[in-house]
Amino acid sequence: MKKYTNIGDILNLEEIIHQAIELKKTPFVFEGLGQHKTLVMLFFNASLRTRLSTEKAAKNLGMNVMVLNVSDAWKLEFEDGVVMDLNTTEHVKDAAQVISQYADVIALRAFPSLTDKKKDESEWILNSFVEYASVPIVNMESATGHPLQALTDAITIAELKTKKRPKVVLSWAPHPKALPHAVANSFVHMMRRSDVDFSIVHPKGYELDSAITKDTPIYHEQIAAFEDADFVYVKNWSNYIDYGKVLNNDTDWKITKEKLANAKFMHCLPVRRNVIVEDAVLDSDSSVVIQQANNRTYAAQIVLKKLLENLTK
Ligand code: CP
């Protein structure tokens, strides 16, 4: 693996899931692999899980880790050929090359603006680092994707499924703030590559990018969509058509124990209790969100392992 910026960078999904589950049993067996190698993590946005689990994963492989909250540094310029006589102090061309001298792998998180769809979809921050850095790049959630989360989710489903081809439903749920599409996009990508019976349910008008959902069955009525589901993956996303707007906060879309029935409840966290989902679900055995969060370490660890192995080739 040369980089992990999207799920397409995984060639053999089943194998990587299997290897991640094995790593979880013996997390330190490859601790020599990352010796004298450094992971630099750049955060343009806040994180709890991604930050801690990726650092833990790197340390399990024996790597050194350096973290930079980009907001603590100066403002980077991303436009080419610009006269930098305003707020920006350093061009990403220079910064990415400099960081590459300190890092063997660079991981970065940069959320979308949710105001300029075209710019967000160009993945200008992530792709600038891919272009100008000379070391592998890992996406820790970008404008349009969260591939480490999606790998985690696939690992969790593989661990918990009780039938060969489980029914998995991605459901929209209400949230007071405008949230990105990244987690939903990557989950859709991942489920479309997995051997699952996959569908999406959301209010009318909350369609995700059709280039991503393609021919996935889409429903608009939650109770019917959840029938016989094995896993219900819940996420809010803001409007994609009326880009970044919150047009619906219908509390009827909140996940309840009754609606969930026998399905496992999945969510990437953080979750707003009693807005997205009621306490009775999160505090029950149906919820697998803590196991999911734990699997973030092994998703990051298998990705870093593949990148390190490629460095030494
Ligand atoms: N799920 C997830 O990416 O969590 P954080 O935003 O806390 O990293």
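**Strand pairing, backbone geometry and the largest pocket**

Strand β10 (residues 231-235) pairs with β11 in the parallel sense over three bridges, strands being DSSP runs of E with at least two residues and helices runs of H or I with at least four, numbered from the N terminus, and two strands being taken as paired if DSSP finds at least two bridges between them. The structure is a predicted model, in which local features need pLDDT of at least 70 and side-chain atom pairs count only at pLDDT 80 or more, whereas totals for chains, interfaces and linings use all residues. Residues are numbered from 1 along each chain as its sequence is written, and side-chain values use heavy atoms, with hydrogens and water left out.

Within β11, K264 is the bridge partner of F231. An open sheet of five strands, with parallel pairing, follows the order β9-β8-β7-β10-β11. Because β9 (218-219) and β11 stand at its edges with a single partner strand each, one side of each is left without a neighbour in the sheet.

Strands β1 (residues 38-43) and β2 (residues 64-69) run parallel and are joined by six bridges, V67 of β2 being the bridge partner of M41. Together with α2, these strands make a right-handed β-α-β unit, that is, with the strands pointing away from the viewer, the path from the first strand over the helix to the second runs clockwise.

Most residues other than glycine have a negative phi, and most peptide bonds are trans. H36, in the loop between α1 (13-25) and β1, is not a glycine yet has a positive phi of about 65 degrees. A cis peptide bond, with omega about 0 degrees, joins L269 and P270, and P270 is found in the loop between β11 (264-266) and α11 (279-282).

The largest pocket (on a 1 Å grid over the protein atoms alone, an open set of points where a 1.4 Å probe fits, with protein on both sides within 12 Å along at least five of seven lines) holds about 460 Å³ of space, the volume being that filled by probe spheres set on the points, which are joined across faces, edges and corners. Its lining, defined by an atom within 4 Å of a point, comprises 26 residues, of which F111, E141, K235, L269 and P270 lie nearest the centre. The elements giving two or more residues to this lining are α2 (49-60) and α7 (182-192).
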